[in-house]
Amino acid sequence: MTPYKYIRNCWYVAGLSHEFEHRKLTGHRIAGKPIVIWRTEKGKFVAFDDRCAHKRFPLSQGRLMDDGTLECAYHGLRYNDKGRCVAIPSQPDSPIPKRAQITPLPIIEQDGLVWIWAGDKDKSKSSKPPRIPEILDDEWETIDSGPMHVPSNYLLLIENLLDITHFYPLHDGNIGDVDNSYIPIEYEEGEIDGNKYVKTTRKVEDYKQPPFLKDWFVYDIIDRHHTHCMMSPGLTRVVMRVAPPGELGTDKERGYVLLHTHTPIDDSNHIWRWCVNCKKDHMSGGDPKVSVAKRIVTMFPDVVEEDRWALEKQQEMIEFPDEGYSELFLKPDKALRRVRQIFLQMLREEQT
Amino acid sequence: MTPANPKTLFKVRVHSITDLAEDIRAFELVDSKGGDLAAFTAGAHIDVHIDDGFVRQFSLCNSPRERHRYEIAVLNEPGGRGGSLALHEKVSEGDILTVSEPRNHFRLVDDADRHLLLAGGIGVTPIMSMMETLETIGADYVMHYCTRTPLRTAFMDRLIPLAERGKVFFYHDGGDPSRRLDIDAILDNPATGTHLYYCGPPGFMSAAASAADHWPEGTVHFEYFSPPEKDRDESLENKPFQVKVVSTGDVFDIPADETIIEVLRGAGLTIDTSCEDGYCATCMTRYLEGEPEHRDSVLDDEDRAEFVLICCARSRTPLLVLDL
């Protein structure tokens, strides 16, 4: 069985809070489901299966009326924020059929992220969206990439994030080098809020920062703690902490919390959002007038483009039949193998 | 050139017998009908059928360019299985022996930049023909030859000129392990493009295998003259054991001729695998109790302390508890 599918029973990020204007309909394709999301006038999030009860027309193409109801663009059926149809223009005097109803989806706005459950509603309490303290915390400056479409299965992005021995050669010269590949990896797995997590920790001393990292985090030679944690199939949290040798934990420390959300569209496509969080008062080395977060945002897209290329190429190769081919395990793949096993277990549970 | 057929047997005549060193005797064999013998490549061996039903393999130690003769060198091992004793005591010049055509499991690599040859005792025989070929083609090589004493060292007449050119080094330990060649030091830092070839008695083979553990894949070549010594207490024989699946508490018998995954799948469990050959780690499973007998080729000691590849692993303890 291949793990390169998508898990339906999982919370996924539909966007950051700021992406959703009040009273604006947005259409999404998440875990094989068409979804319409909007934020009511009072700020509450609602989400439904995007198909009008009548003829499947995508409701996200419709409009929100002044009274807050959603009108389908095709025959004008109107729905309230509970999903009940409240008006059918072609038959104003008849009772509204019981089945004139659109299916609500569980949706939670939490910590600056909007999480949606596209799977079995009954299972939506089996886990909670992972907690992320930095986005809403004023001490951190947060800048995000917005949605990026990637023509690959989302597990490939998770695998990329959990094995950074790809920094050489993929990111050689910007955020990586071959010395990064020699750093020993500590490995941890567990479960929080119903989400199995897999985490790698890389600690190194007296490491010479590659060019981009030096530009962002000022110092030439540093001690570094670098962790990558898949907190759930929907989100991976990366934390980099650097300081001059011996000074981690002091106010000389620099670094970021880099959040990656990976929301599957279908088996071979996903939406990637990255979101960088840096302490507000940290200024970059490359331009001391510019904060680290802003500096990162001008330079990180080049790195992201390298990863995106790799994911696209990998997806192309996965689509060939194995015919005797099996991937070779190298030590840094331990975290990836465990993630694949978690995915296979979750996929299997959904089949029964 | 028609490739030799190793099943073909033919008759040879013992043309000469020479004592090369203490307990080492060379037998020069020629075609009983006087023609060319089947060609061979350096590192090859032939089966020799000795009377009383012994069949023993001996490496050819002369130059592959010689088509008129095979040379084998036999160490007299009175405590051995009897083949060498029979050759030393019962075979004379002029005798006819039945031999197989040559076969080679210990070939020189064409595109090596450098060849590093290690010989222990009578293990020098295939190495001798390798050196003939390497000299012929002008390849870069060096040979380290370990024996007990100079008197027990064969082929001195062929090797001393090479030693004078810095191609061969002799080590005599006199039976004292502390005077042995430091194989770890010799094999510590392989230069790119170097291939290693070694042959010798069991202890020598273990030491070389261990010292060459870190060499790049495909660069290490060896030939055993006797069945491999038991390595680090690991038995190569399959023993039955039991596996407990911790989620259900069910215990399964794993017979000697079945793998863990075969039994568990037969019992209806779903196990993900891909290569089923110990290298992809798709089946990597945490174990909670017991001591696995790891049979994979990719996990290191740190990972083996926690995980096992169940497509191929067995167990040293009667019970292995898997986190399944």
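In this predicted model, 34% of the 324 residues of chain B count as buried. The secondary structure of chain B comprises seven helices and 18 strands. Contacts in chain B reach well along the sequence: of those between residues at least 6 apart, 65% join residues at least 24 apart.

Among the strands of chain B, five form an open sheet, and following it from one side to the other gives the order β9-β8-β7-β10-β11. The pairing in this sheet is parallel. Strands of a sheet pair through backbone hydrogen bonds, in either the parallel or the antiparallel sense. The edges of the chain B sheet are taken by β9 (168–172) and β11 (220–224), each of which pairs on one side only. On average, and with direction ignored, neighbouring strands of the sheet are turned by 15° against each other. A good place to look at the pairing is the edge formed by β9(B). Here strand β8 of chain B, residues 141–147, pairs with β9(B) in the parallel sense over five bridges. Within this part of the sheet, Y145(B) stands opposite F170(B) of β9(B).

Turning to chain A, helix α1 (residues 154–162) packs with helix α5 (residues 334–351) at an angle of about 150°, and the two axes are 9 Å apart. Angles over 145 degrees count as roughly antiparallel, and α1(A) and α5(A) are therefore roughly antiparallel to each other. Their crossing is right-handed. On the α1(A) side the contact is made by L155(A), I158(A), E159(A) and L162(A), and on the α5(A) side by A335(A), L336(A), V339(A) and F343(A). By class, this contact has seven nonpolar residues, one charged residue and no polar ones. The spacing of such positions can be read against helix geometry: an α-helix has 3.6 residues a turn, so residues three or four places apart point the same way.

Helix α1(A) is also notable for its burial. Nine of its nine residues are buried, so α1(A) is largely enclosed by the rest of the structure. The buried residues are Y154(A), L155(A), L156(A), L157(A), I158(A), E159(A), N160(A), L161(A) and L162(A). E159(A) thus appears in the buried set and also takes part in the contact with α5(A).

Finally, the two chains meet: twelve residues of chain A are in contact with twelve residues of chain B. The side of chain A that touches chain B has six charged, four nonpolar and two polar residues.

Technical notes: Residues are numbered from 1 along each chain as its sequence is written. Chains are lettered from A and ligands numbered from 1 in the order in which they are written. This is a predicted model: local features need pLDDT of at least 70, side-chain atom pairs count only at pLDDT 80 or more; totals for chains, interfaces and linings use all residues. Two residues are in contact if their C-beta atoms, placed from the backbone, lie within 7 Å. Ala, Val, Leu, Ile, Met, Phe, Trp, Tyr, Cys and Pro count as nonpolar, Asp, Glu, Lys and Arg as charged, and the others, Gly among them, as polar. Helices (H or I, at least four residues) and strands (E, at least two) are DSSP runs, numbered from the N terminus. A residue is buried if 20 or more other C-beta atoms lie within 10 Å of its own, exposed if 12 or fewer, and partly exposed in between; C-beta atoms are placed from the backbone. Axes are lines fitted to C-alpha atoms, for helices over the stretch in contact, and angles run from 0 to 180 degrees between N-to-C directions. Angles under 35 degrees count as roughly parallel, over 145 as roughly antiparallel, 65 to 115 as roughly perpendicular and the rest as oblique. A crossing is left-handed if the near helix is turned anticlockwise from the far one by less than a right angle, and right-handed if clockwise. Two strands pair if DSSP finds at least two bridges between them.
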